[in-house]
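Colleague: Got a minute to go through this model with me? I'd like to start with how the helices pack.

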Amino acid sequence: NKIMRMLCYLKSEKDIPAVKQKINQLLLRKFSKDDFTIQTPEGILSMINNILTALTGIVSGIAAISLVVGGIGIMNIMLVAVNERVREIGIRKAIGAKNRDIFIQFVVEAAFISFIGGALGILSAIVVSYIVMWKLNAYSPVPMIAIIMALMVSSVVGLVSGVYPAMRAAGLPPVEALRYE
């Protein structure tokens, strides 16, 4: 009357639905209550997949928020850089630099800053993961494709975040930029 768990092993996967139905009928006859569950490997796997899908969605949301916040930070840094270098921009324009040249300079600078930040983040994550794996006496390699993708994403965030400051720098009139205090 107090069965907590019962395991059945079958020789073939094809028999699972029929055996599940027979066990259900037998338990209903024996206990006359439907207060039990019958789990199959497919059901357990489906439940695990649902949990992993939800976790993937949550982690993706957190990552997206982090990328937006990082992009805003890079944009602010680049706007400050533009404001601090207004005279330099004016001098460059006065001696013949085109708007495109100024734009490219600031976009590349933003991408480089985010690439370096991404590389430092990856390096620290690898160090922490190896320390944790060493403490757990386990091994978990860091896939090279993950490192490459992370560097690409950080660079793209820098490129996108640097567009507005670069457009602002490129649009400065040379005369006003030279007069800027």
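Modeller: Sure. Keep in mind that this is a predicted model. Helix α2 (residues 41-84) and helix α4 (residues 99-135) pack at an angle of about 135 degrees. That angle falls outside the roughly parallel, perpendicular and antiparallel ranges, with antiparallel starting over 145, so α2 and α4 are oblique to each other.

Colleague: How far apart are the axes of α2 and α4?

Modeller: The axes of α2 and α4 are 10 Å apart.

Colleague: And is the crossing of α2 and α4 left-handed or right-handed?

Modeller: Right-handed.

Colleague: Which residues in α2 meet α4?

Modeller: On the α2 side they are I74, I77, M78, A81 and V82. They meet F106, E109, A110, I113 and S114 in α4. By class, that contact has eight nonpolar, one polar and one charged residues.

Colleague: What about α3 and α4?

Modeller: Helix α3 (residues 86-94) packs on α4 at an angle of about 140 degrees, with the axes 10 Å apart. That makes α3 oblique to α4. The crossing of α3 and α4 is right-handed.

Colleague: Which residues are in the contact of α3 with α4?

Modeller: E88, I89, R92 and K93 from α3. Facing them in α4 are N99, D101, I102, Q105 and F106. The contact of α3 with α4 divides into three nonpolar, two polar and four charged residues.

Colleague: Switching to pockets. How much space lies in the largest pocket?

Modeller: About 980 Å³. The largest pocket is lined by 26 residues, and M6, L7, T37, I38 and Q39 are the closest to its centre.

Colleague: Which element gives the most to that lining?

Modeller: α1 does, with six residues. The elements giving two or more residues to the lining of the largest pocket are α1 (16-31) and α2.

Colleague: What's the class split for the lining of the largest pocket?

Modeller: It has 16 nonpolar, five polar and five charged residues.

Colleague: And how much space is in the second largest pocket?

Modeller: About 200 Å³. The second largest pocket has 13 lining residues, with L67, G118, A150, V153 and S154 nearest its centre.

Colleague: Which elements give two or more residues to the lining of the second largest pocket?

Modeller: α2, α4 and α5 (144-170). The largest share, five residues, comes from α2.

Colleague: How many charged residues are in the lining of the second largest pocket?

Modeller: None; the lining of the second largest pocket has six nonpolar, seven polar and no charged residues.

How values were computed:
Residues numbered from 1 in each chain as written. Predicted model: local features only at pLDDT ≥ 70, side-chain atom pairs only at ≥ 80, totals over all residues. Heavy atoms only, no water. Axes fitted to C-alpha atoms, helices over the stretch in contact; angles between N-to-C directions. Helix = DSSP H or I, 4+ residues; strand = E, 2+ residues; numbered from the N terminus. Parallel < 35°, antiparallel > 145°, perpendicular 65-115°, else oblique. Left-handed = near helix turned anticlockwise from the far one by under 90°. Contact = heavy atoms within 4.5 Å. Nonpolar A, V, L, I, M, F, W, Y, C, P; charged D, E, K, R; others polar. 1 Å grid on protein atoms, 1.4 Å probe; cavity = no way out; pocket = protein on both sides within 12 Å on 5 of 7 lines; lining within 4 Å. Points joined across faces, edges and corners; volume = space filled by probe spheres on them.
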